[in-house]
Amino acid sequence: MSELASGPLVLTDALRFEWVRIRTLRSTYWLVGAAVLLNAVLALVAAYGTQDRPPAPAFVGAILTGGGPFVPIPLAAVCLAAIGVFATGHEYRYGTIQPALTALPRRSALLAAKLVVPAAVTLVVAAVSMAVNAAVALAVWGELPGLTSWPVDEAMPGYLVLGVLWTVLGTALAQVFRGVPSALVLLLVVPLVVEQLMAQLSYVDQFAWLGPALKFLPFMAGQHLLDLGGTSDVDLFGRWASGGVFAVFVAVVVGAAWTTFTRRDA
Amino acid sequence: MISVTALHKRYGDKIAVDDLSFEVRPGTVTGFLGPNGAGKSTTMRLMLDLDHGGGETLFDGRRFATIRHPMAEIGAVLEAKAFHPTRTARNHLRMLAAGSGIAAARADEVLELVGLSDVRHRKPQGFSLGMAQRLGLAQALLGDPGTLILDEPANGLDPHGIHWLRDVLRSLAAEGRTVLVSSHLLSEMSLMADELVVIGRGRMIYQGDVDGFVRRFTDSTVLVRSPHADRLTALLRGSVELLADGALRVSGTDAGAIGELAYRNDIMLTELATQTASLESAFITATEADEEYVGGAA
């Protein structure tokens, strides 16, 4: 007869389960590869396009972080968030939630593992991606100015935090929706359509009242973690406070995911 | 030993499982029967804490969720194709083993046991239902558990597969394991099960051995042949039906009483045989009032 379940031991089991689960899916490798390659290609194109003039530190930061604040969503982070989406969404799409819960019936531990493992993978891949981008830019330019000074020194950890938050959000959203498509649509539509539309509307007089609220738009705020010191039309909090706005949003969704997962039938 | 006490589950106004209590003993195969919509799957899901509801299920005195490695004690399969289509059969089992404190090598052992060794590196998206059922059984046996809970494991198996499944489950029960298995294949269940739990509309209809169930819900008849059938018919008190070939089918009495009656009245009998109804007849009689979905006549 096996021992009784206790918190730390059960979490260890769940982490082992999730680690094997994520390693034995081909899509994990495709998404990791796509994230690294996409950023590397962007870095290569941008570096080649500017090789005739000395690189500015802000531009170095943008190259390292897959476009920095100059793109509406971090492309590599979206790929890595899909790993999180699959971590929970696939369980319902393919009915594997049943064997998962008959092996690991403590739902909080299972959900924690599903949040932690993809987030850890994202952390490593994002760091590797920045290193690859740096190598690409260095090969083209022969130098990387401003790597250890503001704003690049803060944008790089900001990029890691942003990637982790996107992945955790993807995992939690797919758990709330119990499926893949809704989570992916929301991850793309809200930052690319809803928030951009609100930002544009705030310039119209009738909707000027939206202006002060823009700093609370989660994805826009999260993207400010990659701030490279440029001027912005939108009045946002500082880098880490904006990251906090996005983190609070992610925490709320994680809370919803935990509540639904522990209270609903599997 | 599985002890189920006062299980209860409601979906809105509909009661799916209604105060259901039963026990499943080790060393036996217990069949779990009921018409479509009777609540069999819901009951199994409640037992495994997959669904939330009232009541309690204890496995050797412990609740499922309190066991650190449940797969090492309770092997359960409720859906045949609950696997990722592109994760190989072997990796599917290794994943579950990793979370259950089971050695990864055990995956190959159980795949060998269920006859899927040759396809262990294949993605299961192309598996037939029968192969998926075998993978499900491999999953249930992964932790070499003392208790098995299987929902319709014979669905999709060919006759050889069904025969194999019956032998496997009976041999596992003979080793002292507790086996609860639901099935719609009543003829198969009559060969496989020692005990039955029969439910209808979420309520208990019967728990006990198979013979007892058949006796309780059917009338056995006696087939009699005699050159003096007309005299015997006049003497018999029970209901007598004259069959086309001249034999008599007698209900309401037993073969012993008929034999004694014939002996006392110098009536020669050429055949005297008790005819027991099938499990299917008993099942239909027992559950006809609890059928959820009834079709019209063709």
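Select strand β5 of chain B, residues 74-77, in this predicted model. Both of its faces are covered. B:I74 and B:A76 are buried on one side, and B:G75 and B:V77 are buried on the other. The split into two pairs follows a general pattern: in a regular strand, side chains alternate between the two faces of the sheet.

Keep β5(B) on screen and add strand β6 of chain B, residues 147-151. The two strands run parallel and are joined by four bridges. To find one point of pairing, label B:G75 and B:L148, which are bridge partners.

Next, go to the N-terminal part of chain B and select β1, residues 2-11. Strand β2(B) runs antiparallel to β1(B), with seven bridges between them. One residue pair to label here is B:V4 and its bridge partner in β2(B), B:F22.

Now add β4(B) to see the whole sheet, which is open and has three strands in the order β2-β1-β4, with antiparallel pairing. Its edges are β2 (14-24) and β4 (54-59) of chain B, each of which pairs on one side only. From one strand to the next, the twist averages 15 degrees.

For the interior, select B:A138. Leaving aside neighbours within four places in sequence, B:A138 is in contact with B:L93, B:V110, B:L111, B:L113, B:V114 and B:L116. B:A138 belongs to the largest nonpolar core, which has 157 residues. Show A:L80 and A:L173 as well: together with B:A138, they have the most contacts inside this core. Then colour helix α7 of chain A, residues 152-177, which gives the most to the core, with 14 residues. Apart from this core lies another, of eight residues; select B:V224, B:L232, B:I258 and B:A262, which are among them. In soluble globular proteins, nonpolar side chains tend to be buried together.

Colour chain B by domain. The assignment gives domain 1 as 2-216 and domain 2 as 219-275. Between the C-alpha centres of these two domains of chain B, the distance is 45 Å.

Finally, display both chains. How many residues of chain B are in contact with chain A? There are 35, and they meet 30 residues of chain A. Select helix α2 of chain B, residues 89-98: with five residues, this helix gives the most to the side of chain B that touches chain A. Colouring that side by residue class shows 16 nonpolar, ten polar and nine charged residues.

Technical notes. Residues are numbered from 1 along each chain as its sequence is written. Chains are lettered from A and ligands numbered from 1 in the order in which they are written. This is a predicted model: local features need pLDDT of at least 70, side-chain atom pairs count only at pLDDT 80 or more; totals for chains, interfaces and linings use all residues. Two residues are in contact if their C-beta atoms, placed from the backbone, lie within 7 Å. Ala, Val, Leu, Ile, Met, Phe, Trp, Tyr, Cys and Pro count as nonpolar, Asp, Glu, Lys and Arg as charged, and the others, Gly among them, as polar. Domain bounds come from an automatic or database domain assignment. Two strands pair if DSSP finds at least two bridges between them. Axes are lines fitted to C-alpha atoms, for helices over the stretch in contact, and angles run from 0 to 180 degrees between N-to-C directions. A residue is buried if 20 or more other C-beta atoms lie within 10 Å of its own, exposed if 12 or fewer, and partly exposed in between; C-beta atoms are placed from the backbone. A nonpolar core is a set of buried Ala, Val, Leu, Ile, Met, Phe, Trp, Tyr and Cys residues joined through C-beta atoms within 7 Å.
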